[in-house]
Protein chains: 2
Amino acid sequence: MNIRLASRSDEDGIWEIFRAVIAPGDTYVFDSGMSREEAMAYWFGPGAHTYVAENDGRIVGSYLFKANQPALGSHVANAAFMVSPSARGLGVGRRMGEHCLDEARRSGFRSMQFNFVVSTNAAAVRLWQQLGFKIVGTLPGAFRHSQLGFVDAYVMFRTLGAETENDIESSGSTQFG
Amino acid sequence: MNIRLASRSDEDGIWEIFRAVIAPGDTYVFDSGMSREEAMAYWFGPGAHTYVAENDGRIVGSYLFKANQPALGSHVANAAFMVSPSARGLGVGRRMGEHCLDEARRSGFRSMQFNFVVSTNAAAVRLWQQLGFKIVGTLPGAFRHSQLGFVDAYVMFRTLGAETENDIESSGSTQFG
C-alpha cells in the first residue's frame, strides 16, 4: 500500500469512496444526498492536506488534516478518514492514521483532535484509542444515526510530541503479538 | 436593553466590538489582525442567525447561532457572543445568552454546544454554567493565550428541552436573592 498526496485528478476515486461511506448515515454527519461538488470542496478545502492510499494502483482510502481552529488554536490539527467499504479489514485506516500523525507532526502541529467520532462506530473508536487518542469529551445525542436515532459523539485528542503510553503498548503488541 | 436581529447596516457597531474583543488574544482564537471583511464573513456566515443588543440606541453586544454540524448533526446549535468592553458587568452577556437559548429552541434545535470556551475565561465559564451548560470535554492546551501560553479549552453543552436544574437554581436565585 502506498500513501501519497492527493491531486484533483484523484477526485473520481475519492468521490466513489466518499459516496459509499456517507450512504448508510452511520459514521459521518453528511447528508447521503450530498453533491460531489460539496464533498470535494470539503475534502480539498482551504488549508487541507489531502492524501490517498493506493493498492495496486487503485485508491482504497483517503484522508485529510488541517488546522482545527484559526490563529490561536491553529497548533491543533483536525483530520478525517475514509476507507473504501471494499477494502475494510485490510488495515488501510490504521496505515493512514499512522501516516497522518507523522505528517501532521512534521507540519508542526502539536496535537490532533477529532471533533465528532460517532460513539457507535466501535471500529473507529478502538482504532483511534490504539493510535494514542483519548476520549476527552462526549456530546450527548449529537449524531442522528440513520438506524439508531440520536447517539453520542466523542471528541478525541492526542498530543503529537513524544511517544505516548498507548503508542508503546501498540508497538509492543506488534513486537510480541 | 433591546435585542433584535442584526442587519448588515449594523456592521460598524459589531466590528467595533469584534475588534476590541479579539485584540487581547485571551478569549477567541481569531488573530488580532483579522480583517473586518473576514470577521463579518464569519459573523454573518452561511446559516448564521445574528443578533445585536442595543442600549440607548448603541450596540453593546452581538451574538449568533447556527447549526454546529451539517445534516445528521444539524439538530445541535453552536453560538458565539461578544460584549463591548465598555458595557461589561451590565448583564449583556447573560441577557443575550438567555435570548439565544430561546431563539435556538424556537428554531427547532434540540441542544446547544460551545466548541471552544477558553478555560481561563472564568466569567464566561461561570455564566454558561449558570445558564445550564455543562463542561462535557476538555481540550488540553488547545488555546494559545497571549499572556498565559497554552491553556485548555472546554467543550460545553446543554439540551434545549425542559428546564434544567440549573435553570431552576438560577431563576430561584432571582426570586429569593
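1. A polar contact is a pair of N or O atoms within 3.5 Å, where within protein one atom must be able to donate a hydrogen and the other to accept it, and where residues adjacent in sequence count only if both atoms are side-chain atoms. Between chain B and chain A there are 10 residue pairs in polar contact, both residues being at pLDDT 80 or more, and 0 salt bridges (a side-chain nitrogen of Lys or Arg within 4 Å of a carboxyl oxygen of Asp or Glu).

2. The model is predicted, with local features needing pLDDT of at least 70, side-chain atom pairs counting only at pLDDT 80 or more, and totals for chains, interfaces and linings using all residues. Residues are numbered from 1 along each chain as its sequence is written, chains are lettered from A in the order in which they are written, and side-chain values use heavy atoms, without hydrogens and water.

3. In the interface, 27 residues of chain B are in contact (heavy atoms within 4.5 Å) with 27 residues of chain A. The buried area, that is, the accessible area (1.4 Å probe) lost on putting the two parts together and summed over both, is about 2300 Å², of which carbon and sulfur atoms give 66%.

4. Chain A has 5 helices (DSSP runs of H or I, at least four residues) and 7 strands (runs of E, at least two), in the order β-α-α-β-β-β-α-β-α-β-β-α from the N terminus.

5. Of the 177 residues in chain A, 52% are buried (under 20% relative accessible area, 1.4 Å probe, protein chains only), and the C-alpha trace spans about 40 × 40 × 40 Å along its principal axes.

Note on methods. Buried means under 20% relative accessible area, exposed over 50%, partly exposed in between (1.4 Å probe, protein chains only).
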